[in-house]
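These are my notebook entries on one structure. I looked up cysteine pairs, aromatic contacts and sheets, in that order.

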Amino acid sequence: MNAPATNFDGKAFVRTLSSAPGVYRMFDADDGLLYVGKASNLKKRVGSYFLKPRLEPRIAAMIGQIARMETTITRTEAEALLLEAQLIKSLRPRYNIVLRDDKSYPYIHLTGAKSAGRSRREADGEPELTVRFPRLEFHRGARDGGGRYFGPFPSAGAVRESLDLIQKLFRIRNCADSYFRNRSRPCLQFQIQRCTAPCVGYVDEVAYAQQVRHAELFLDGKAEAVMQELVAQMEKASSELAYERAATIRDQIAAVKRVQAHHYVQGASTDMDVIACVLESGVACVSVLFFRNGIGLGSHDFFPRLAGSSDLAAILASFIAQYYLDRPVPTELIVSTAPEDAPALAAALAERSGHGVEIKHAVRNERARFLDLARRNAQAALAARLASKQTLLARFEALRELLGMDEMPQRIECFDISHTMGEATVASCVVFGADGPEKSQYRRFNISGITPGDDYAAMHQALQRRYKRVQAGEGKLPDLLLIDGGAGQVQQAVDVLNELGVEGVPIVGVAKGEARRAGDESLILAGSGKSLFPGPESPASHLIQVVRDEAHRFAITGHRGRREKARETSTLEEISGVGARRRAALLKHFGGLGGITRAGVEELMQVEGINRQLAERIYGAFHG
């Protein structure tokens, strides 16, 4: 709801401003942030809001809500642009174009790479074995774990495809360190020629380091350097009459050539991103094609929040500033429309990245072809989004009619519980709005302090924790609360909201039918004792299935993660006196945890470093 009109004197405020570059912020009467803007001349830019006789309706509505303004002077326009992007991304003002990017981008992480110095694993006392034989892994999140990071990639699929290629070409391990430390024989990855089995000494450190170095060069886009080194190694092996080794290197060279031929994109010899923006029915789609070192890494589509803006140049400028704020910037950005203040934007990106950045929109030949492809991608993604949005709105309206609500719900929250026979219970809360899932507002709750397997107590705890936070100012109440479960779970929701004094939130339980088939669910209406059976053809039923399935997916993903984390800490690690070296010796001697549990004290003493006292302690840990 808009704040009431204020008596802010904009003309008087403008008279206090300087002509320096900077950033300005507009606030409403409730101190909510309305808009963040940047200016090469603060006095002139802010004055344009209050001195012009006519403003477009969207701007006029915003100006009518201003209660106060703040400004920050910067040294340059480029500095102002970067500050503006930072504030928009972190504060998400109501009237700005905001990039809805709710997750970090994935990278390939090479652990323990010597070029990055001492890794976090070494600092934490990680056994030297896993540092000497680094692994390649999928990574998303903060890049503070030592080693080297390659990316970002446009999607998880692009990372996994690249990891698959690297494993085929260079046979670098990808197993978890806990798995690697405790192997006594090679795993399937060795059998299918995806790993050289350093865990059991099938490759020495020097040979493995050479493969790691080649993988680094390849990921850096220096495939030709890799090829030259491999050719030299093959010729050396031939001259030494080591024909089997020469044949292996020959096959590796052929594989690298095939990968190059398959992934190299003609006309994309430099690092560049191709960005196209299309707008229809008040919805914008920005599609980005990624090219690095002549290799196409795929594409990604974005749907920024527009707040009424319909200017493609403004949309692109805001998108580029926010998107590259915390990501590596390529040397070229090919855009479908020249963004606002393109020279200042390029200067800001160059200043942040430390290298020159060109923003081009009038291009020919291959770049024009790439731009046309990005534009067609954006148009197709936007058409799919609009069709999906219309379907979603129809489903929301059908749900309103089914439940007899006065207004269509704008926010639906759904809770689910997941555990395995009471172990590692996790509750999920997912949020859906008129635009679909709002993943940044999803929440998980690790349940503790209850009888294992008590779903009612788990639901009660999750709901209580969630809505206590809402009362404390974190998030807001839903227009409709869905509970995955029957009458017992619904009653828990009723009890919690009554305890907290929360009123006016309809509660609906989603109970599975006898056959447990999608579409056979019954809806239990809290407070009325009624049950509804919308049936498999109902659009309302389709919406409920989507929300319920998403809550289930989110809960079970959290449960599996919690369960696996708990199981990674074996009984051995909890025994005083059994460190990493003795644990590895025990596992190798007995072939696994099962062999240790069956061993007697005398057998345990046969392992190097295990005396009688420690052997009795180990035996007691397993046998009481």
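**Entry 1. Cysteines.** I began with cysteine 187 and looked for the cysteine sulfur closest to its own. That sulfur belongs to cysteine 195 and lies 6.0 Å away, which is too far for a bond. The cut-off I applied is 2.5 Å between the sulfur atoms. I then took cysteine 199, whose nearest cysteine sulfur is that of cysteine 187, at 6.2 Å. Cysteine 199 is accordingly in no disulfide. My count by this rule comes to 0 disulfides. I also noted the accessibility of cysteine 187: its relative accessible area is 19%. The limit for buried is under 20%, so a value of 19% falls on the buried side. I record that the model is a predicted one.

**Entry 2. Aromatic pairs.** I searched the whole structure for aromatic pairs and obtained 15. I examined one of them, phenylalanine 319 with tyrosine 323, in detail. How are their rings arranged, and at what distance between the centres? The centres are 5.3 Å apart and the planes meet at 10°, so I entered the pair as stacked. For this label the planes must be under 30 degrees apart.

I next checked where the two residues sit in the chain. Both belong to helix α13, which covers residues 312-323, and they are 4 residues apart there. That spacing means that about one helical turn separates phenylalanine 319 from tyrosine 323. Are these two residues buried or exposed? I found both phenylalanine 319 and tyrosine 323 buried. Looking further around the pair, I found that they share one aromatic cluster with Phe302 and Tyr324.

**Entry 3. Charges over rings.** I looked for charged side chains placed over aromatic faces and noted two cases. Arginine 68 lies over the face of phenylalanine 27, at 4.0 Å from the ring centre. Arginine 385 has its charged end over the ring of phenylalanine 303, and here the distance to the centre is 3.8 Å.

**Entry 4. The sheet of 3 strands.** I traced an open sheet with the order β2-β1-β3 and found its pairing antiparallel. The edges are formed by β2 (33-39) and β3 (68-73), each of which pairs on one side only. From one strand to the next I noted an average twist of 15°. Between β1 (residues 22-27) and β3 I recorded 6 bridges, the two strands running antiparallel. Within this pairing, methionine 26 has methionine 69 of β3 as its bridge partner.

I then asked which helices pack on this sheet. Helix α4 (residues 77-91) does, touching β1, β2 and β3, and its direction makes about 165° with that of β2. Helix α2 (residues 42-51) lies across β1, β2 and β3 as well, and runs at about 30° to β1.

**Entry 5. The sheet of 5 strands.** I followed another open sheet, in which the order is β9-β8-β7-β10-β11 and the pairing is mixed. Its edge strands are β9 (295-302) and β11 (358-360). The twist in this sheet averages 15° from one strand to the next. Strands β7 (residues 272-280) and β8 (residues 283-292) run antiparallel and are joined by 9 bridges. Opposite leucine 279 I located alanine 284 in β8.

Last, I looked up helix α15 (residues 365-403), which packs on this sheet. I found that helix α15 touches β7, β8, β9 and β10 (332-335). Its direction makes about 40° with that of β7.

Conventions. Residues are numbered from 1 along each chain as its sequence is written. This is a predicted model: local features need pLDDT of at least 70, side-chain atom pairs count only at pLDDT 80 or more; totals for chains, interfaces and linings use all residues. Side-chain values use heavy atoms; hydrogens and water are left out. Buried means under 20% relative accessible area, exposed over 50%, partly exposed in between (1.4 Å probe, protein chains only). Rings of Phe, Tyr and Trp (its six-membered ring) pair if their centres lie within 6.5 Å; planes under 30 degrees apart count as stacked, over 60 as edge-to-face and the rest as tilted. A charge sits over a ring if NZ of Lys or CZ of Arg is within 6 Å of the ring centre and within 35 degrees of the ring normal. Two strands pair if DSSP finds at least two bridges between them. Axes are lines fitted to C-alpha atoms, for helices over the stretch in contact, and angles run from 0 to 180 degrees between N-to-C directions. Contact means heavy atoms within 4.5 Å.
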